[in-house]
Amino acid sequence: MASLVKRSVAELVGTMLLVYFGCGAAVITLTTAARESGPLQSLTIGSLGGLADWLAIGLAFGIVIAAVIYGLGRVSGAHINPAVTIALFASKRFPVTDTVAYVVAQLVGGLLGSIFFYLSAGMDAVTIGGLGATAPAGGITFGMAILAETIGTFVLMMVIMGVAVDEKAPPGFAGLIIGLTVAGIITTIGGLTGSSLNPARSFGPAVGDLLLGGPDVMGALPIYIVGPILGALIAVFFYDWVVKED
Amino acid sequence: MKCYVCAKEGRDTDAVAVCIVCGMGLCMDHAIREENDLWEGGYPFPAKKVKQQLPRILCPECSLAMKGDK
C-alpha cells in the first residue's frame with residue numbers, strides 16, 4: 001500500500017481536480033449567462049439553459065469524479081469527499097489517523113482547486129461566478145437545504161456501498177456509476193442547494209471567495225458540512241443493516 | 001504426456017507441467033514458474049499487495065512472448 005503521505009497527496013489532487021472542473025463548470029455557466037444577458041441582471045444557474053445548465057454541471061462533476069476514481073482509486077481509494085471518508089471511518093472500515101489526514105488533504109485540495117480556477121479564468125470567476133460556491137436558492141430555508149443535501153448524499157453513499165464497498169459488487173463499474181449518480185443528483189438538487197454532497201467541494205470555493213473578495217457564503221457552509229456527513233452516515237449504516245442476512 | 005520442447009529436439013521426456021497459455025506439455029527443464037503479485041482492495045480503499053503470490057507455469061516461448069520487449 002502507498003504511504004499515508006502519498007495517499008493524502010492523491011486525495012488532495014483528486015479533490016483539487018473535482019473542484020477545478022466541477023465548480024469551474026458552474027462558474028463558466030454563470031459567466032456565459034452574464035455575457036448573454038448583461039452583468040446587471042440577477043443571474044442564477046439556469047438563466048441560459050434551465051435544467052440543462054444543471055445537467056451540464058452535473059456531467060462535469062460526474063466525469064471528473066469517474067476520472068479520479070479510475071486514475072487514483074487504487075492509490076488512496078479516491079474518496080475526494082470528507083463525508084465518504086467519515087462514513088467509512090464510522091462504520092469501522094477506515095482507520096482514524098488516515099481519516100484525519102484524508103479530510104485535511106481534501107479540504108486543502110478543494111481550496112487549491114478554487115485558487116487554480118481563479119488563476120485560469122480571472123477575476124470574473126470570483127465576482128460573477130463566486131468560484132462555484134454553494135448557497136441555497138431563494139425560498140429554500142436552512143433546514144430544507146440540509147434535508148436536500150442529506151438525501152442527495154445518502155443516495156451517493158448508498159451507491160458507493162453497493163458498487164464498490166460490497167464484496168459482491170461487480171468490479172470495474174464504480175467510477176462510471178458513481179459519476180453518473182452524482183450527475184443525476186446535481187441535475188435535480190442543484191436548483192435547490194447547489195447540490196454539494198461534499199463538504200470539501202463547498203469549503204474550497206467559500207474560503208476562496210473569502211480570500212479573493214467574492215460573495216460571502218460562509219454563513220451557508222454549515223449546510224454543506226452537516227447535510228452530506230449526515231446523509232453518508234445514514235447510508236452506510238442503512239446499507240449494512242439492509243444487506244445483513246437474518 | 002511428453003515434453004513438447006524435448007520432442008522437437010528428438011528426445012523423449014515425460015511432462016510434469018502444462019503451459020497455462022498454449023497448453024504445451026513441459027518437463028522440469030522447460031517449465032518456467034513465475035510468481036505473480038496479488039493485490040486486494042481498490043476503490044474506495046487503497047489497494048495493497050498481499051504476502052501470497054500466484055504461481056504460473058509457462059513454456060519458454062510463451063514466457064518470452066509475455067515479457068514483450070522488456
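**Exercise 1. Burial of A34(A)**

Work out whether A34(A) is buried, partly exposed or exposed.

Step 1. Place the residue: A34(A) belongs to helix α1 of chain A. Helices here are DSSP runs of H or I with at least four residues, strands are runs of E with at least two, and the numbering starts at the N terminus.

Step 2. Recall the cut-offs: with C-beta atoms placed from the backbone, 20 or more other C-beta atoms within 10 Å of a residue's own make it buried, 12 or fewer make it exposed, and anything in between is partly exposed.

Step 3. Apply them: A34(A) has 19 other C-beta atoms within 10 Å, so it is partly exposed.

Step 4. Look across the chain: A125(A) is 91 residues away in sequence, yet its C-alpha atom and that of A34(A) are separated by 11 Å.

A quick note on the ground rules: this is a predicted model, where local features need pLDDT of at least 70 and side-chain atom pairs count only at pLDDT 80 or more, while totals for chains, interfaces and linings use all residues. Residues are numbered from 1 along each chain as its sequence is written, and chains are lettered from A and ligands numbered from 1 in the order in which they are written.

**Exercise 2. The build of chain A**

Which elements make up chain A, and how does its radius of gyration sit against the globule rule?

Step 1. Count the elements: chain A has 9 helices and 0 strands.

Step 2. Get the radius of gyration, which is taken over C-alpha atoms; the globule rule is 2.2 Å times the number of residues to the power 0.38. For 246 residues the rule gives 18 Å and chain A has 17 Å, so chain A is as compact as a globular protein of that length.

Step 3. Add burial and contacts. Buried residues account for 54% of chain A. A contact means C-beta atoms, placed from the backbone, within 7 Å of each other. Of the chain A contacts between residues at least 6 apart in sequence, 81% join residues at least 24 apart.

**Exercise 3. Helix α9 and the core**

Check the length of α9(A), then find what its buried residues pack against.

Step 1. Take the expected span as 1.5 Å times one less than the number of residues. Helix α9(A) covers residues 221-243, and its 23 residues should span 33 Å; the end C-alpha atoms are 34 Å apart, which agrees.

Step 2. Pick out the buried residues, among them I223(A), G231(A), A232(A), A235(A) and V236(A). The buried residues of this helix pack against α3, α6, α7 and α8 of chain A.

Step 3. Move over to M157(A). Beyond its neighbours within four places in sequence, it contacts V84(A), A87(A), G231(A), A232(A), A235(A) and V236(A).

Step 4. Zoom out to the nonpolar core, a set of buried Ala, Val, Leu, Ile, Met, Phe, Trp, Tyr and Cys residues joined through C-beta atoms within 7 Å. The largest such core has 79 residues, and M157(A), A87(A) and A232(A) are among those touching the most other members. Helix α1 of chain A supplies the largest share, 14 residues.

**Exercise 4. Unusual backbone geometry**

Which residues in the loop between α7 and α8 of chain A have a positive phi?

Step 1. Start from the norm: most residues other than glycine have a negative phi, and most peptide bonds are trans.

Step 2. S195(A), which sits in that loop, has a phi of about 50 degrees. Its 26 C-beta neighbours inside 10 Å make it buried.

Step 3. L197(A), also placed in the loop between α7 and α8, has a phi near 65 degrees. It is buried too, with 32 other C-beta atoms within 10 Å.

**Exercise 5. Chain B and its hairpin**

Describe chain B, then follow β3 into β4.

Step 1. Chain B has 2 helices and 4 strands, in the order α-β-β-β-β-α.

Step 2. Its radius of gyration is 16 Å, whereas a compact globule of 70 residues would be near 11 Å. Buried residues come to 23% of the chain.

Step 3. Strands pair if DSSP finds at least two bridges between them; β3(B) and β4(B) run antiparallel with 9 bridges. One of the partnerships is W39(B) with K49(B).

Step 4. The hairpin between these strands has 2 residues. P44(B) lies in this loop, and the peptide bond from Y43(B) to P44(B) is cis.

Step 5. Finish at the interface: 7 residues of chain B contact 17 of chain A, and β4(B) gives the most to the chain B side, with 4 residues.

Technical notes
Two residues are in contact if their C-beta atoms, placed from the backbone, lie within 7 Å.
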